[in-house]
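Reader: Please take one residue of this model and look at it closely, then set it against the whole chain. A connected account would suit me better than a list.

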Amino acid sequence: MRSISENVRVDKKNYSAYGLRLISEVEMPELWSEEDSHIEPDVSIEYADLRGFIQSWEPGQKRHIDLTRNEIVLHIPEAAYYRIVGSSLIQVMPEKGSDPREVRIFLLGVCLSIVMIHRGIVPMHASGVMIDGKAYIIVGDCGAGKSTLGAAFRQAGYKLISDDIVGLSIDESNILTAYPGYPQQKLWQQSLDYLNMESANYDQILDNYNKFAVPFGDQFIKDPLPLAGIFELEKADIPQIAMRPLKSLERVQLIRYHLFLGKVLNELSKEQWLLNFAAKAALAIPFYQLKRPLNGFTAPDLVNQILNKVREGEVVHL
(Lines give C-alpha, C1' and ligand atoms only; values in the text may rest on other atoms or scores of the structure.)
Protein backbone atom coordinates (compact mmCIF):
# COMPACT_ATOMS: atom_id res chain seq x y z
CA MET A 1 0.00 0.00 0.00
CA ARG A 2 1.35 3.44 -0.95
CA SER A 3 1.13 6.26 1.53
CA ILE A 4 0.72 9.70 0.03
CA SER A 5 0.71 12.74 2.29
CA GLU A 6 -1.86 15.48 1.95
CA ASN A 7 -1.70 17.70 -1.14
CA VAL A 8 1.07 15.59 -2.71
CA ARG A 9 1.06 15.37 -6.49
CA VAL A 10 1.40 11.95 -8.04
CA ASP A 11 1.91 13.11 -11.64
CA LYS A 12 5.32 12.02 -12.87
CA LYS A 13 7.67 14.64 -14.26
CA ASN A 14 11.04 14.36 -15.98
CA TYR A 15 14.10 16.12 -14.59
CA SER A 16 17.88 15.96 -14.82
CA ALA A 17 20.60 16.33 -12.18
CA TYR A 18 24.17 15.04 -11.77
CA GLY A 19 24.12 13.68 -15.31
CA LEU A 20 21.09 11.51 -14.49
CA ARG A 21 17.66 11.52 -16.05
CA LEU A 22 14.97 11.33 -13.38
CA ILE A 23 11.28 10.53 -13.49
CA SER A 24 9.64 11.68 -10.28
CA GLU A 25 6.32 11.81 -8.48
CA VAL A 26 7.90 14.34 -6.14
CA GLU A 27 7.65 17.74 -7.76
CA MET A 28 11.10 19.35 -7.69
CA PRO A 29 11.09 22.97 -8.84
CA GLU A 30 14.82 23.27 -8.11
CA LEU A 31 15.75 20.90 -10.93
CA TRP A 32 16.17 21.33 -14.65
CA SER A 33 12.94 20.09 -16.20
CA GLU A 34 13.23 17.77 -19.21
CA GLU A 35 10.56 17.80 -21.93
CA ASP A 36 11.63 14.63 -23.76
CA SER A 37 9.83 11.82 -21.92
CA HIS A 38 10.66 9.13 -24.50
CA ILE A 39 14.18 8.47 -23.22
CA GLU A 40 14.43 5.79 -20.55
CA PRO A 41 15.09 7.42 -17.14
CA ASP A 42 18.09 6.48 -15.03
CA VAL A 43 16.30 6.90 -11.70
CA SER A 44 12.67 6.62 -10.64
CA ILE A 45 11.51 8.62 -7.60
CA GLU A 46 8.18 7.71 -6.04
CA TYR A 47 6.10 8.02 -2.90
CA ALA A 48 5.71 4.76 -0.99
CA ASP A 49 4.59 3.29 2.31
CA LEU A 50 7.86 2.32 4.02
CA ARG A 51 6.42 1.27 7.39
CA GLY A 52 7.18 -2.38 6.69
CA PHE A 53 10.88 -1.56 6.39
CA ILE A 54 11.14 0.31 9.71
CA GLN A 55 8.80 -1.63 12.02
CA SER A 56 11.69 -3.51 13.69
CA TRP A 57 13.94 -0.47 14.10
CA GLU A 58 15.36 0.48 17.48
CA PRO A 59 14.24 3.81 19.01
CA GLY A 60 16.22 6.64 17.46
CA GLN A 61 17.60 4.49 14.64
CA LYS A 62 18.50 6.62 11.62
CA ARG A 63 19.31 4.11 8.89
CA HIS A 64 19.53 0.47 7.90
CA ILE A 65 21.80 -0.84 5.16
CA ASP A 66 21.26 -4.24 3.54
CA LEU A 67 24.20 -4.97 1.26
CA THR A 68 22.70 -8.26 0.06
CA ARG A 69 19.63 -6.43 -1.26
CA ASN A 70 21.66 -3.37 -2.26
CA GLU A 71 19.35 -1.04 -0.38
CA ILE A 72 19.52 1.61 2.30
CA VAL A 73 16.62 3.02 4.31
CA LEU A 74 17.16 6.43 5.93
CA HIS A 75 15.22 8.48 8.45
CA ILE A 76 15.63 12.24 8.53
CA PRO A 77 13.62 13.37 11.59
CA GLU A 78 10.82 15.84 10.83
CA ALA A 79 11.36 15.33 7.10
CA ALA A 80 10.88 11.82 5.71
CA TYR A 81 11.90 8.19 5.45
CA TYR A 82 13.79 7.35 2.25
CA ARG A 83 14.55 4.00 0.64
CA ILE A 84 17.27 3.84 -2.01
CA VAL A 85 17.48 0.61 -3.98
CA GLY A 86 20.58 0.15 -6.10
CA SER A 87 21.20 2.86 -8.65
CA SER A 88 17.72 3.33 -10.05
CA LEU A 89 14.99 3.67 -7.38
CA ILE A 90 14.28 6.15 -4.58
CA GLN A 91 11.14 5.85 -2.47
CA VAL A 92 9.93 8.59 -0.15
CA MET A 93 7.55 8.57 2.82
CA PRO A 94 7.24 12.13 4.20
CA GLU A 95 6.51 12.55 7.87
CA LYS A 96 3.15 14.06 8.75
CA GLY A 97 3.33 17.83 8.68
CA SER A 98 6.82 17.92 7.18
CA ASP A 99 7.91 20.83 5.02
CA PRO A 100 8.11 19.70 1.36
CA ARG A 101 11.17 21.90 0.90
CA GLU A 102 13.02 20.01 3.62
CA VAL A 103 11.92 16.66 2.16
CA ARG A 104 13.45 17.74 -1.16
CA ILE A 105 16.69 18.99 0.40
CA PHE A 106 17.58 15.48 1.57
CA LEU A 107 16.23 13.86 -1.58
CA LEU A 108 18.42 16.05 -3.80
CA GLY A 109 21.45 15.75 -1.54
CA VAL A 110 21.71 12.52 0.42
CA CYS A 111 19.55 10.24 -1.72
CA LEU A 112 20.90 11.21 -5.13
CA SER A 113 24.45 11.08 -3.75
CA ILE A 114 23.89 7.45 -2.74
CA VAL A 115 22.58 6.74 -6.23
CA MET A 116 25.71 8.34 -7.68
CA ILE A 117 27.92 6.15 -5.48
CA HIS A 118 26.15 3.05 -6.77
CA ARG A 119 26.86 4.31 -10.30
CA GLY A 120 30.58 4.80 -9.67
CA ILE A 121 30.34 8.58 -9.32
CA VAL A 122 32.01 10.29 -6.35
CA PRO A 123 29.82 13.01 -4.77
CA MET A 124 31.97 15.92 -3.58
CA HIS A 125 30.76 18.68 -1.27
CA ALA A 126 31.70 21.47 -3.66
CA SER A 127 30.74 24.40 -5.81
CA GLY A 128 31.69 24.32 -9.47
CA VAL A 129 32.33 26.81 -12.27
CA MET A 130 33.05 26.48 -15.99
CA ILE A 131 36.18 28.30 -17.19
CA ASP A 132 37.15 28.06 -20.86
CA GLY A 133 34.94 25.01 -21.39
CA LYS A 134 36.30 23.03 -18.43
CA ALA A 135 35.05 22.46 -14.90
CA TYR A 136 36.84 23.66 -11.77
CA ILE A 137 35.46 22.83 -8.36
CA ILE A 138 35.82 24.64 -5.05
CA VAL A 139 35.75 22.55 -1.88
CA GLY A 140 35.84 23.74 1.71
CA ASP A 141 34.25 23.46 5.11
CA CYS A 142 30.81 24.93 5.75
CA GLY A 143 31.24 28.69 6.05
CA ALA A 144 34.44 28.81 4.00
CA GLY A 145 32.65 30.84 1.31
CA LYS A 146 32.15 28.34 -1.54
CA SER A 147 28.69 29.58 -2.47
CA THR A 148 29.64 33.24 -2.19
CA LEU A 149 32.64 32.62 -4.44
CA GLY A 150 30.39 30.81 -6.91
CA ALA A 151 28.02 33.79 -6.93
CA ALA A 152 30.97 36.13 -7.56
CA PHE A 153 31.96 33.99 -10.56
CA ARG A 154 28.39 34.22 -11.81
CA GLN A 155 28.38 38.01 -11.43
CA ALA A 156 31.62 38.06 -13.43
CA GLY A 157 29.82 36.30 -16.30
CA TYR A 158 30.86 32.69 -15.71
CA LYS A 159 28.48 29.75 -15.71
CA LEU A 160 28.15 27.46 -12.72
CA ILE A 161 27.79 23.70 -12.63
CA SER A 162 26.72 23.35 -9.00
CA ASP A 163 26.45 25.09 -5.66
CA ASP A 164 26.58 22.24 -3.17
CA ILE A 165 27.43 18.83 -4.65
CA VAL A 166 29.43 17.91 -7.76
CA GLY A 167 29.69 14.32 -8.99
CA LEU A 168 33.11 13.16 -10.23
CA SER A 169 34.16 10.12 -12.23
CA ILE A 170 37.43 8.95 -13.77
CA ASP A 171 37.89 6.73 -16.81
CA GLU A 172 40.57 4.20 -17.74
CA SER A 173 42.67 6.98 -19.27
CA ASN A 174 42.52 8.94 -15.97
CA ILE A 175 40.30 11.61 -17.50
CA LEU A 176 38.09 13.19 -14.85
CA THR A 177 34.50 14.25 -15.52
CA ALA A 178 32.38 16.61 -13.42
CA TYR A 179 28.60 16.09 -13.32
CA PRO A 180 26.59 19.28 -12.64
CA GLY A 181 24.00 19.47 -9.89
CA TYR A 182 21.05 21.83 -10.37
CA PRO A 183 20.63 25.59 -11.05
CA GLN A 184 20.15 26.95 -7.55
CA GLN A 185 22.46 28.52 -5.00
CA LYS A 186 21.93 28.76 -1.26
CA LEU A 187 23.22 32.09 0.05
CA TRP A 188 23.21 33.58 3.53
CA GLN A 189 21.87 37.10 4.08
CA GLN A 190 25.44 38.36 4.62
CA SER A 191 26.52 37.01 1.23
CA LEU A 192 23.56 38.70 -0.47
CA ASP A 193 24.53 41.97 1.19
CA TYR A 194 28.14 41.65 0.04
CA LEU A 195 26.99 40.91 -3.51
CA ASN A 196 24.40 43.74 -3.55
CA MET A 197 21.55 41.26 -4.00
CA GLU A 198 18.16 42.00 -2.46
CA SER A 199 16.87 39.16 -0.27
CA ALA A 200 13.26 40.18 -0.95
CA ASN A 201 13.74 38.83 -4.48
CA TYR A 202 14.39 35.27 -3.25
CA ASP A 203 12.64 32.61 -1.20
CA GLN A 204 14.07 31.31 2.06
CA ILE A 205 15.36 27.75 1.96
CA LEU A 206 13.23 27.00 5.04
CA ASP A 207 11.12 29.12 7.37
CA ASN A 208 13.08 30.83 10.16
CA TYR A 209 16.31 30.09 8.31
CA ASN A 210 18.29 33.07 7.07
CA LYS A 211 19.50 31.35 3.90
CA PHE A 212 17.96 32.01 0.51
CA ALA A 213 17.42 30.01 -2.68
CA VAL A 214 18.93 31.89 -5.63
CA PRO A 215 18.18 30.36 -9.05
CA PHE A 216 20.76 30.89 -11.79
CA GLY A 217 18.85 29.56 -14.82
CA ASP A 218 20.70 30.34 -18.05
CA GLN A 219 23.98 30.73 -16.15
CA PHE A 220 23.93 26.99 -15.45
CA ILE A 221 25.73 24.26 -17.38
CA LYS A 222 23.78 21.02 -17.16
CA ASP A 223 26.03 18.81 -19.30
CA PRO A 224 29.06 16.94 -17.90
CA LEU A 225 32.41 18.68 -18.35
CA PRO A 226 36.05 17.60 -18.13
CA LEU A 227 37.40 18.44 -14.67
CA ALA A 228 40.61 20.47 -14.88
CA GLY A 229 41.34 21.54 -11.31
CA ILE A 230 40.32 21.58 -7.65
CA PHE A 231 40.66 24.52 -5.24
CA GLU A 232 40.29 24.08 -1.49
CA LEU A 233 39.01 27.29 0.09
CA GLU A 234 39.89 28.05 3.73
CA LYS A 235 39.56 30.97 6.10
CA ALA A 236 42.77 31.90 7.94
CA ASP A 237 44.17 34.63 10.17
CA ILE A 238 46.25 36.15 7.37
CA PRO A 239 46.39 39.69 5.91
CA GLN A 240 45.83 38.70 2.28
CA ILE A 241 44.87 35.81 0.00
CA ALA A 242 47.44 33.02 -0.28
CA MET A 243 47.55 30.11 -2.72
CA ARG A 244 49.78 27.04 -2.90
CA PRO A 245 49.76 23.76 -4.84
CA LEU A 246 48.96 20.63 -2.84
CA LYS A 247 51.22 17.59 -2.73
CA SER A 248 50.02 14.15 -3.81
CA LEU A 249 49.17 12.85 -0.33
CA GLU A 250 47.39 16.11 0.52
CA ARG A 251 45.31 15.69 -2.62
CA VAL A 252 44.19 12.20 -1.60
CA GLN A 253 43.33 13.45 1.88
CA LEU A 254 41.40 16.40 0.41
CA ILE A 255 39.14 14.12 -1.63
CA ARG A 256 38.42 11.89 1.32
CA TYR A 257 37.81 14.83 3.65
CA HIS A 258 35.45 16.75 1.34
CA LEU A 259 33.53 13.74 0.17
CA PHE A 260 29.78 14.02 0.68
CA LEU A 261 28.46 11.13 2.83
CA GLY A 262 31.86 9.77 3.87
CA LYS A 263 30.49 7.74 6.81
CA VAL A 264 27.82 6.10 4.63
CA LEU A 265 30.49 5.18 2.08
CA ASN A 266 32.27 3.13 4.72
CA GLU A 267 29.04 1.34 5.63
CA LEU A 268 28.45 0.58 1.95
CA SER A 269 31.92 -1.03 1.79
CA LYS A 270 33.09 1.54 -0.76
CA GLU A 271 36.19 2.78 1.08
CA GLN A 272 38.67 0.98 -1.21
CA TRP A 273 36.84 2.22 -4.29
CA LEU A 274 37.12 5.78 -3.01
CA LEU A 275 40.81 5.38 -2.18
CA ASN A 276 41.51 4.10 -5.70
CA PHE A 277 39.63 7.06 -7.18
CA ALA A 278 41.48 9.57 -4.97
CA ALA A 279 44.89 8.12 -5.84
CA LYS A 280 44.20 8.37 -9.57
CA ALA A 281 42.63 11.84 -9.35
CA ALA A 282 45.62 13.12 -7.35
CA LEU A 283 47.86 12.44 -10.35
CA ALA A 284 45.44 13.61 -13.04
CA ILE A 285 44.80 17.31 -12.32
CA PRO A 286 46.24 20.18 -10.24
CA PHE A 287 44.99 20.82 -6.70
CA TYR A 288 45.44 24.12 -4.85
CA GLN A 289 44.85 25.38 -1.34
CA LEU A 290 43.38 28.89 -1.39
CA LYS A 291 43.35 30.78 1.92
CA ARG A 292 41.41 33.97 2.47
CA PRO A 293 41.47 36.45 5.39
CA LEU A 294 38.94 35.95 8.17
CA ASN A 295 37.44 39.39 7.66
CA GLY A 296 36.37 41.42 4.66
CA PHE A 297 34.79 40.59 1.31
CA THR A 298 37.44 38.90 -0.84
CA ALA A 299 35.30 37.00 -3.36
CA PRO A 300 36.13 39.21 -6.41
CA ASP A 301 39.86 38.93 -5.61
CA LEU A 302 39.52 35.16 -5.20
CA VAL A 303 37.89 35.01 -8.65
CA ASN A 304 40.90 36.83 -10.11
CA GLN A 305 43.36 34.57 -8.29
CA ILE A 306 41.67 31.44 -9.63
CA LEU A 307 41.39 32.78 -13.18
CA ASN A 308 45.02 33.86 -13.19
CA LYS A 309 46.13 30.44 -11.92
CA VAL A 310 43.97 28.61 -14.47
CA ARG A 311 45.37 30.74 -17.28
CA GLU A 312 48.86 30.78 -15.79
CA GLY A 313 49.77 34.43 -15.53
CA GLU A 314 47.20 36.02 -17.81
CA VAL A 315 46.06 39.29 -16.23
CA VAL A 316 42.31 39.30 -15.71
CA HIS A 317 40.40 42.39 -14.64
CA LEU A 318 36.79 42.13 -13.44
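Author: **A close look at Ile-76**

Ile-76 is buried, with a relative accessible area of 17%; buried means under 20% relative accessible area, exposed over 50%, and partly exposed in between, with a 1.4 Å probe and protein chains only. The model is predicted, so local features need pLDDT of at least 70 and side-chain atom pairs count only at pLDDT 80 or more, while totals for chains, interfaces and linings use all residues. Residues are numbered from 1 along each chain as its sequence is written, and side-chain values use heavy atoms, with hydrogens and water left out.

Ile-76 belongs to strand S6, which covers residues 71-76. Helices (H or I, at least four residues) and strands (E, at least two) are DSSP runs numbered from the N terminus. Once neighbours within four places in sequence are set aside, Ile-76 is in contact with Tyr-82, Glu-95 and Phe-106, where contact means heavy atoms within 4.5 Å. Lys-13 is 63 residues from Ile-76 in sequence, and their C-alpha atoms are 24 Å apart in space.

Now the whole protein. Of its 318 residues, 53% count as buried. The protein has 8 helices and 19 strands. Its radius of gyration is 20 Å, close to the 20 Å that the globule rule gives for 318 residues, so the protein is as compact as a globular protein of that length. That radius is taken over C-alpha atoms, and the rule is 2.2 Å times the number of residues to the power 0.38. The C-alpha trace spans about 60 × 45 × 45 Å along its principal axes. Among contacts between residues at least 6 apart in sequence, 62% join residues at least 24 apart.
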